[in-house]
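Visitor: I'd like to go through this one with you and ask how each label is earned. Could you show me the model?

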Amino acid sequence: MLSLPQMLGNVSKAHVQSPEDWARSVTDVLRDAAIYHQAHNGFYRAQCDALGVDPAAINDINDLQDLPLLPVGMFKRPDAQVLLTCSLADVETETSSSGTRGVPSVARRNSETVTRALVGLIGTYREFFSLSGGAGLFLNPSDSEASEMGLLKDFNILNSVFDHHVYLVADQSFDVREALEHLRRWKGHMTRHIVCPPFLIERLLRFLEQEKVNVRLDPYSMIITLGGWKRHTSEAIPAEGFREQCHDLLGVRPGNVRDMYGMIESNMLAVECHLHRKHVPPWCYISIRDPGQIGRELDPGGTGTIAVLDALNTSYPGFLLTDDVGDVETGTCGCGRTGQVINFRRRGQGGGFGHCPVSLERYLGSGTTANDEAAALMRA
Ligand SMILES: [Zn+2]
């Protein structure tokens with residue numbers, strides 16, 4: 001069994017715990033996180049009381065599904081500071097994105113959370129990418145095209161493993177020639193890597209194909225993608241075909257084309273191993289919910305709404321109900337790592353305000369106690 005500091009201190013070891021140790025470790029760190037938020041966050045305490053959940057009573061991994069969840073849509077609200085466990089004065093970073101629906105989602109993190117997330121990401125990148133040096137070409141959308149990239153930019157971690165990097169702001173007017181110029185300049189000097197949302201590398205690939213430009217990156221080059229296709233869903237190509245194109249047009253080995261899954265509101269970043277399976281960090285647990293009955297966790301293998309439970313966050317409860325749809329596998333991957341593997345399928349409908357047992361309005365407005373709320377729920 002590993003404590004949270006032990007996991008963060010040795011991410012590699014935390015990924016190869018026995019399945020029993022993994023279950024016990026992740027249960028323990030999430031129970032401790034839930035106890036912390038229940039004690040220090042009135043809004044979260046009201047949710048626990050309304051559902052009759054005592055985080056201290058969590059004993060088994062199957063109990064984690066009982067923890068109240070915050071719908072990610074709440075982070076778009078102007079009064080979202082109510083979600084904070086820390087004080088506003090302790091907030092170090094505010095990551096904001098306009099998201100898919102135009103309303104900004106704001107995730108606030110205190111210094112403890114930022115430190116833990118940074119340490120966790122360094123360990124995760126080194127575990128999965130074994131990167132050391134080279135040059136990184138970052139293609140960043142300028143708007144809401146891939147808000148998850150904001151998470152990467154906030155945690156400028158990948159830059160620290162590269163010897164050199166360049167950020168190109170890339171949107172509708174994405175200048176492919178400028179991107180290619182950087183790649184040419186680095187040729188022969190450094191191993192070249194590309195980090196961007198998939199729709200931008202796709203544009204680069206289209207350009208190379210149409211203009212018959214021949215670019216061969218290096219034997220250890222990586223293409224790392226994060227974020228969905230959003231408005232560009234019509235351009236989306238299946239992952240395997242995408243990797244083949246990266247190989248054919250850029251000379252990057254398919255095993256080195258890696259996608260990641262994350263969201264701005266969570267510290268959870270699931271990274272693909274060389275077998276293209278997205279591993280959930282050992283300090284997080286993914287619970288797949290029945291879309292029609294969000295309090296219910298689906299049986300193993302079921303596809304439903306993705307809930308992310310993260311133990312790193314002390315700024316607000318990292319127990320989030322996302323708008324995304326997917327499924328999860330638990331066990332030992334062919335790469336040897338244990339724990340959970342997440343399969344993101346699609347964006348859901350969103351707007352899950354109703355899933356919080358005690359709404360912000362009721363919590364802020366009525367002055368009712370949690371017991372009143374619980375009674376109201378019982379009557380409902
Ligand atoms: Zn794997």
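Guide: What follows is a chat about confidence, one helix and a core.

Visitor: What makes the confidence what it is for this chain?

Guide: This is a predicted model, and the protein chain averages a pLDDT of 87, with 85% of the residues scoring at least 70. Residues 368-380 are another matter: the pLDDT there is below 50, though the stretch has 16 contacts in the model beyond near neighbours in sequence. Where pLDDT is low, don't read the predicted coordinates in detail.

Visitor: How do you know that the span of helix H9 agrees with its number of residues?

Guide: H9 covers residues 198-211, which is 14 residues; at 1.5 Å a residue it should span 20 Å, and its end C-alpha atoms are 20 Å apart, so the two agree. Just after H9, Lys212 takes a positive phi of about 55 degrees.

Visitor: Why are Pro198, Phe199, Leu200, Ile201, Glu202 and Leu204 called buried?

Guide: A residue counts as buried if 20 or more other C-beta atoms lie within 10 Å of its own, and these six H9 residues are buried. Their cover includes strands E4, E6 and E7 and helices H8 and H10.

Visitor: What makes the largest nonpolar core lie between domain 1 and domain 2?

Guide: The core has 92 residues, of which Leu30, Cys284, Ile286 and Leu309 touch the most other members. Helix H3 gives the most to this core, 7 residues. Domain 1 (4-89 + 277-379) and domain 2 (131-261) both give residues, so the core lies between them.

Visitor: Which residues does Leu30 touch, not counting those up to four places away in sequence?

Guide: Leu64, Tyr285, Leu309 and Ala311.

Technical notes
Residues are numbered from 1 along each chain as its sequence is written. This is a predicted model: local features need pLDDT of at least 70, side-chain atom pairs count only at pLDDT 80 or more; totals for chains, interfaces and linings use all residues. Helices (H or I, at least four residues) and strands (E, at least two) are DSSP runs, numbered from the N terminus. The expected span of a helix is 1.5 Å times one less than its number of residues. A residue is buried if 20 or more other C-beta atoms lie within 10 Å of its own, exposed if 12 or fewer, and partly exposed in between; C-beta atoms are placed from the backbone. Two residues are in contact if their C-beta atoms, placed from the backbone, lie within 7 Å. A nonpolar core is a set of buried Ala, Val, Leu, Ile, Met, Phe, Trp, Tyr and Cys residues joined through C-beta atoms within 7 Å. Domain bounds come from an automatic or database domain assignment. pLDDT is the predictor's confidence in each residue, from 0 to 100.
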